[in-house]
Amino acid sequence: MVRCVVVPEQDSDAGWVRALDDAGQPLGPVEKVDDLVRAVADRERADGPRWVLPAAGDLYPRLLEADVVLRRCVDLTLTEGLLIAYAGNWGAPRSLAAAWARLMGLPVPDDAAPAARQAQQALFGARVTELPGGAAPVDAAVAVHADQLRRLAAVPQSGLHLLVAAESASALVAAEMTRAGLPWRVDVHHAVLAELLGPRPPAGLPPRRLTELADQVAAAFDGRRVNPDSPADVVQAFTRAGLPISSARSHVLRRLDHPAVAPLLEYKELARLHAANGWAWLETWIRDGRFRPDWIVGGVVSGRWATRGGGALQIPHAVRRAVIADPGHQLIVADAAQLEPRILAALAGDDRMAEAAAATDLYSALAAVAFDGDRSRAKVAMLGTLYGATSGDAAPVIGALRRRFPVAVAYVEAAARDGETGRVVRSLLGRTCPPPSRGWQEAQERASLPGASAADQSRARQTARDRGRFTRNFVVQATAADWTAVLLAALRRRLLAGVAPGAEIVFFQHDEVVLHCPDEVATEAAGAAQEAAQEATRLLFGSTPVRFPFEGRIVRNYADAK
DNA sequence: TGAGAGAGCGCC
DNA sequence: AAAGGGCGCTCTCTCA
């Protein structure tokens with residue numbers, strides 16, 4: 001058996017399976033099984049097919065609960081998302097029901113938002129999901145999978161196969177990470193909060209330190225109460241004090257010479273800690289010493305992941321002290337150094353830049369050949385090139401970079417021009433950016449009409465430039481996401497093969513992976529991360545001279561990794 | 001009273 | 001760290 005489609009019955013332990021060949025054609029009849037988890041476990045143990053799942057995130061957590069680990073899968077929903085974006089139908093519904101409806105020429109249902117889906121289930125009780133046209137879900141899954149394979153084969157960009165596989169493997173990683181959880185010491189987190197904010201206040205009251213700071217702010221404004229949480233109030237207070245400001249952002253306040261500034265800045269910092277990662281956060285998100293957010297694979301347009309719950313991708317450095325390996329365990333913190341510039345060097349095929357990117361410190365290497373050894377100028381030039389810097393002072397250094405590395409700079413500038421003129425751009429493996437927004441189209445149309453005003457022209461230029469910055473960055477950020485997706489898949493495969501028994505992926509943040517493992521396999525786990533990075537580099541870029549350092553630091557405490 | 005926009009800030 | 005793109009989250013404030 002090569003592939004096996006599996007579809008759970010709604011609100012039941014049962015489901016359907018059907019074996020398929022590598023072209024997605026059925027090898028036998030549909031089988032109804034009463035105990036779907038057990039049926040999957042048996043087949044996984046027997047011959048480990050590539051499981052074809054409507055959405056791994058829906059079914060896999062149930063399997064993991066029963067300790068059933070899948071080696072390989074195809075996630076039809078994620079695959080559909082990649083394919084429809086590639087075909088220029090970005091944002092169309094991606095669910096199995098939607099894909100099936102498109103295939104059959106039926107009205108396409110919207111993707112149900114998770115909350116809406118839950119509400120609907122509560123409303124209608126145990127209702128089997130109905131597909132457009134009344135098809136059986138398992139038949140729809142078989143048909144959609146076969147159709148996706150056909151569409152994939154018709155795409156000239158061969159990398160999309162790799163991306164589909166890596167994205168599907170990522171969906172398995174995501175569910176496994178939620179199950180494993182990030183080790184979180186509530187006692188240490190409490191100590192951090194007590195140290196910075198004072199003892200825990202009764203619910204609804206501010207902590208002591210915030211009250212003190214608010215009092216100091218009031219005193220600095222001649223005893224007049226100012227709500228530090230209200231930007232409007234803060235702006236008003238400084239304006240009354242003869243320091244007119246247009247916003248209450250920290251970097252604006254920092255420039256002011258006034259006794260309220262210092263306590264106000266400290267207040268803002270601590271208030272955010274209290275609101276975002278304080279006692280309430282701990283009670284909501286930490287269970288049994290683990291933080292378990294929901295990971296949304298490809299949740300960002302560039303292919304980066306998003307999360308739902310607990311702000312998992314914005315954990316402040318101050319509370320990372322609470323992330324501590326279990327007794328007898330270590331954390332492996334591996335992150336890619338200067339990933340995006342390296343991606344550009346390899347992506348553009350700029351041999352001279354690739355040569356510089358063979359160094360451990362890319363910026364120093366660039367500086368040595370193009371900026372008289374001035375590392376900071378090399379960095380400004382590189383970042384300005386990647387992000388489309390608008391400030392005037394970046395222009396001369398970007399010019400110097402362009403003279404020395406014309407191929408790499410031309411690559412992102414072509415992407416920017418594509419965006420400005422309304423075209424879409426793609427990552428190396430074929431992830432496709434959204435088409436221009438309606439606002440962009442309207443602005444361009446208005447500016448092209450006879451008698452368009454100067455304001456219309458300028459607005460059109462502005463929206464075009466904005467989109468150019470987006471597509472310029474997209475090709476690099478999305479290719480970086482390609483690379484990390486392949487890396488995760490490669491790392492997962494190594495761990496499943498047993499290179500570091502007991503090691504688990506517990507956290508992933510754009511270009512950083514954290515593993516949790518028994519002491520005795522820490523070296524092997526770190527090695528696996530490094531090898532996975534090398535494999536990703538080889539699969540994306542072949543034999544590029546560009547190095548992608550991905551060294552895993554072995555620490556007990558996450559805060560010690562940086 | 002609740003929804004939604006806007007401001008602000010955390011992370012990469 | 002840069003500085004720009006992207007997010008999620010919480011707070012205030014306004015409006016129905």
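**Exercise 1. Find how the protein meets DNA strand B: which part of the strand's atoms within 4 Å of the protein belongs to sugar or phosphate, and which residues are closest?**

Step 1. Sugar or phosphate holds 83% of the atoms of DNA strand B within 4 Å of the protein, and bases hold the rest. The model is predicted: local features need pLDDT of at least 70, side-chain atom pairs count only at pLDDT 80 or more, and totals for chains, interfaces and linings use all residues. Side-chain values use heavy atoms, without hydrogens and water, residues are numbered from 1 along each chain as its sequence is written, and chains are lettered from A and ligands numbered from 1 in the order written.

Step 2. Count the surroundings. DNA strand B has 18 residues around it, where near means a heavy atom within 4 Å. The closest are Ala248, Ser250, Arg272, Gln314 and Asp511.

Step 3. Sort them. The surface near DNA strand B has 5 nonpolar, 6 polar and 7 charged residues. Here Ala, Val, Leu, Ile, Met, Phe, Trp, Tyr, Cys and Pro are nonpolar, Asp, Glu, Lys and Arg are charged, and the others, Gly among them, are polar.

Step 4. Look at single pairs. A side-chain N or O atom of His317 is 2.9 Å from a phosphate oxygen of DNA strand B. For Arg320, the partner is a sugar or linking oxygen of DNA strand B, at 3.1 Å.

**Exercise 2. Find what surrounds DNA strand C: how many residues, and which are closest?**

Step 1. The count is 23 residues. Ser230, Gly309, Lys379, Tyr387 and Arg469 are the closest.

Step 2. Check the strand's side. Sugar and phosphate make up 57% of the atoms of DNA strand C that come within 4 Å of the protein.

Step 3. Go to the phosphates. Ser230 places a polar side-chain atom 2.5 Å from a phosphate oxygen of DNA strand C. Gly309 uses a backbone N or O atom, 2.7 Å from a phosphate oxygen of DNA strand C.

Step 4. Go to the bases. A polar side-chain atom of Arg304 lies 3.0 Å from a base nitrogen of DNA strand C. A polar side-chain atom of Arg304 also lies 2.8 Å from a base oxygen of DNA strand B.

**Exercise 3. Find how H17 and H21 pack: at what angle, and through which residues?**

Step 1. The angle is about 110 degrees, and the axes are 7 Å apart. Axes are lines fitted to C-alpha atoms over the stretch in contact, and angles run from 0 to 180 degrees between N-to-C directions.

Step 2. Name the arrangement. H17 and H21 are therefore roughly perpendicular, a term for 65 to 115 degrees.

Step 3. List the contact (heavy atoms within 4.5 Å). H17 gives Thr385, Leu386 and Tyr387, while H21 gives Arg469, Arg472, Asn473 and Val476.

How values were computed: A polar contact is a pair of N or O atoms within 3.5 Å; within protein, one must be able to donate a hydrogen and the other to accept it, and residues adjacent in sequence count only if both atoms are side-chain atoms. Helices (H or I, at least four residues) and strands (E, at least two) are DSSP runs, numbered from the N terminus. Angles under 35 degrees count as roughly parallel, over 145 as roughly antiparallel, 65 to 115 as roughly perpendicular and the rest as oblique.
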